[in-house]
Amino acid sequence: TLIIASLIQSINALNLQVPQNKGVSSRREAFSKVLSVSSSGAAIAAFAGLPNVALAYPSDETPKTTTRMGGLLEKYQDSTRGWTILCPSGWNKFEGEVGAYDVKWQDLVDPRENIKVSSTPVKSTTTSIAALGEDVKAIGESLATKRNAKLVKSEERLTEGILFYTFDFAIADGTHQLLQLCVNKGKIWSLDANTTEKRWSKREELYYNVLGSFMPKLA
């Protein structure tokens, strides 16, 4: 999908301006406005025009996932863009589709089972996904509404100094999706893992391990 690009266009079209003397509440209002008008279903591109906000982080670090699940996952490193992940072993891998993703893995049998990593530059003043807002559940509910989906779960974690927001959606078209967002190295990183609702119970553990292994920097 063109989630990130389309939202950036939405914000540019709105020409949102956040007065510097009105603080966090004004930024929240701006984000709320973006969520209410965007039809793409992901509130990612607000970072294109808003400065970073100092918000509370989780107090405890969560270690990066390292399990390979007995060979179901294998390490992949993108040295050019600077990130690592544990990806499904044996899945087809596709390199960048402009405006859609940087890398995609797809099941050999069912193309509806896929994992995509994408990135988009943000302003240098935006250094954390916390700029999107403090209430992760509220963000997830707004995203779910625009996606015609049910928010199953939303959570945040701090891993190696990077804050991640993760959302679990049951979409009306029968898709089950995990969406993970973070900011690092001047980019917002989006990772989505998709399957059918019928297959979700068989993919849940694997997908959560994939998301937990992603790190937008090299060790």
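This report covers the sheet, the helices packed on it and the aromatic contacts of a predicted model.

**The sheet**

The model has an open sheet of 7 strands. Their order is β3-β4-β5-β9-β8-β7-β6, and the pairing is antiparallel. Strands β3 (92-97) and β6 (149-159) stand at the edges. Each has a single partner strand, so one side of each is left without a neighbour in the sheet. From one strand to the next, the twist averages 15°.

One pairing can be followed at residue level. Strand β4 (residues 101-106) and strand β5 (residues 114-121) run antiparallel to each other and pair over 4 bridges. Gln106 stands opposite Asn114 in β5.

**Helices on the sheet**

Two helices that pack on the sheet are described here. Helix α3 (residues 136-146) touches β6, β7 (162-171) and β8 (175-184). The direction of α3 makes about 140° with that of β6. Helix α4 (residues 200-213) also packs on the sheet. Its contacts are β5, β6, β7, β8 and β9 (187-196). The direction of α4 makes about 165° with that of β9.

**Aromatic pairs**

A pair of aromatic rings is described by the distance of the centres and the angle of the planes. The structure holds 8 aromatic pairs. Two of them are set out below.

| Pair | Geometry | Centre to centre | Angle between planes |
|---|---|---|---|
| Tyr76 and Trp83 | tilted | 5.6 Å | 50° |
| Phe167 and Phe169 | stacked | 6.1 Å | 20° |

Are the rings of the tilted pair on buried or exposed residues? Buried means under 20% relative accessible area. Tyr76 has 17% relative accessibility, so Tyr76 counts as buried. Trp83 has 0% and therefore also counts as buried. In the stacked pair, Phe167 and Phe169 are both buried.

Which residues share an aromatic cluster with Tyr76 and Trp83? They are Trp105, Trp189 and Phe214; the five form one cluster. Trp105 falls within the residue range of β4 (residues 101-106), and Trp189 within that of β9 (187-196).

**Charges over rings**

Two basic side chains sit over aromatic faces. Lys104 lies over the face of Phe94, at 5.4 Å from the ring centre. Arg157 lies over the face of Phe164, at 4.1 Å from the ring centre. By residue range, Phe94 belongs to edge strand β3 (92-97) and Arg157 to edge strand β6 (149-159). Lys104 lies within β4 (residues 101-106), and Phe164 within β7 (162-171).

How values were computed. Residues numbered from 1 in each chain as written. Predicted model: local features only at pLDDT ≥ 70, side-chain atom pairs only at ≥ 80, totals over all residues. Heavy atoms only, no water. Phe/Tyr/Trp six-rings, centres within 6.5 Å; stacked < 30°, edge-to-face > 60°. Buried < 20%, exposed > 50% of the residue type's maximum accessible area, 1.4 Å probe, protein only. Lys NZ or Arg CZ within 6 Å of the ring centre and 35° of its normal. Pairing = 2+ DSSP bridges. Axes fitted to C-alpha atoms, helices over the stretch in contact; angles between N-to-C directions. Contact = heavy atoms within 4.5 Å.
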